[in-house]
Amino acid sequence: MTDQIRQDELDELYMRRAIALAKQAGELDEVPVGAIIVCRGEVIATAYNTRERDKCATSHAELRAIEAACSALGGWRLPDSTLYVTLEPCAMCAGAILHARLDRVVFGAPDPKAGAFGSVLDLNVVPLNHKCAVSGGVLAEECGGILSDYFRQKREMQKRKKDNERKSIQLFGGPVDAPGRSHQRRSGQSSELPRMR
Ligand SMILES: [Zn+2]
């Protein structure tokens, strides 16, 4: 019982490190997911999602953490290691986790759209040659909150951008067929309007 309490406390402690990494990703306008790998009580890898920066579909936090951990340990197997990640791993990352022979995965928020450790599918129950212990829902609200805040801000920014574009059209462009305008736009010139990035 005491061991379980201690393990729960440790899980929350390490998940907070992963949450801090997720926030770093969000500040760089990446989908905020953070991951760390702990081997025998030592943090051997930290990473966050860098898909936009790398322009690469595989730059998920978990894969980047696994790559860093393999470099740190000098091999492709990651024995006695636990991966902490703020969002339930997708099928690609769950596959890599099993290939890397990780002992355990602890994730925060479940991912009902792509989660591969119980939400959409459970890669751990198919007859592969390795299984890992999985604990989900650790600080789930906090982990999920970072993601929903990020996507809400993105939607608000997109709405502001559209509103500004609409205002620019009203101020400088006007409708293409507005009667009595001396500088009518030809169709296809809308790309010259000010753009918000
Ligand atoms: Zn993934």
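Trainee: Against which elements do the buried residues of α3 pack?

Mentor: In this predicted model, the buried residues of α3 pack against β1, β2, β3 and α4. The buried positions of the helix are A61, E62, L63, R64, A65, I66 and A69, so charged residues, as well as nonpolar ones, have to be read from the list when one works by neighbour count, where 20 or more other C-beta atoms within 10 Å make a residue buried.

Trainee: How many residues has α3, and what follows the helix?

Mentor: α3 has 13 residues and reaches 18 Å from its first C-alpha to its last, close to the 18 Å expected at 1.5 Å a residue. The helix is followed by G74, whose phi is positive, near 75°.

Trainee: What span should α1 have at 1.5 Å a residue?

Mentor: The 26 residues of α1 should span 38 Å at that rise, and because the end C-alpha atoms are 38 Å apart, the model agrees with the expectation. After α1 comes D29, which also has a positive phi, in this case near 60°.

Trainee: Which residues of α1 are buried?

Mentor: They are M15, A18, I19, L21, A22, A25 and G26. This list is worth keeping beside the nonpolar core, since α1 gives the most to the largest one, with six residues.

Trainee: How many residues does the largest nonpolar core have, and which have the most contacts inside it?

Mentor: The largest nonpolar core has 44 residues, and those with the most contacts inside it are A18, A35, I36, A65, L83, Y84 and V85. The elements that give two or more residues to this core are α1, β1, β2, α3, β3, α4, β4 and α5. Y84 can be followed from there: leaving aside residues up to four places away in sequence, Y84 touches Y14, M15, A18, A35, I36, V38 and V106.

Trainee: Is T86 buried or exposed?

Mentor: T86 lies in strand β3, residues 81–87, and counts as buried because 31 other C-beta atoms are within 10 Å. In a regular strand the side chains alternate between the two faces of the sheet.

Trainee: Which residues does T86 touch, not counting residues up to four places away in sequence?

Mentor: T86 touches A18, I19, A22, V33, G34, G108, A109, C143 and I146. As a further view of separation along the chain, T86 and R17 are 69 residues apart in sequence and 9.6 Å apart in space, C-alpha to C-alpha.

Trainee: How many bridges join β1 to β2?

Mentor: Six bridges join these two strands, which run antiparallel, and they form a hairpin with two residues between them. In the turn, R40 has a positive phi of about 45°, while C39 has E42 of β2 as its bridge partner.

Trainee: What pattern does the chain follow, read along the sequence?

Mentor: The chain, with five helices and five strands, follows the pattern α-β-β-α-α-β-α-β-β-α. Of its 197 residues, 31% count as buried, and among contacts between residues at least 6 apart in sequence, 56% join residues at least 24 apart.

Trainee: Where does pLDDT stay under 50?

Mentor: It stays under 50 over residues 178–197, for which the model has 12 contacts beyond four places in sequence. The chain as a whole averages a pLDDT of 89, with 87% of the residues scoring at least 70.

Technical notes: Residues are numbered from 1 along each chain as its sequence is written. This is a predicted model: local features need pLDDT of at least 70, side-chain atom pairs count only at pLDDT 80 or more; totals for chains, interfaces and linings use all residues. pLDDT is the predictor's confidence in each residue, from 0 to 100. Two residues are in contact if their C-beta atoms, placed from the backbone, lie within 7 Å. Helices (H or I, at least four residues) and strands (E, at least two) are DSSP runs, numbered from the N terminus. A residue is buried if 20 or more other C-beta atoms lie within 10 Å of its own, exposed if 12 or fewer, and partly exposed in between; C-beta atoms are placed from the backbone. A nonpolar core is a set of buried Ala, Val, Leu, Ile, Met, Phe, Trp, Tyr and Cys residues joined through C-beta atoms within 7 Å. The expected span of a helix is 1.5 Å times one less than its number of residues. Two strands pair if DSSP finds at least two bridges between them.
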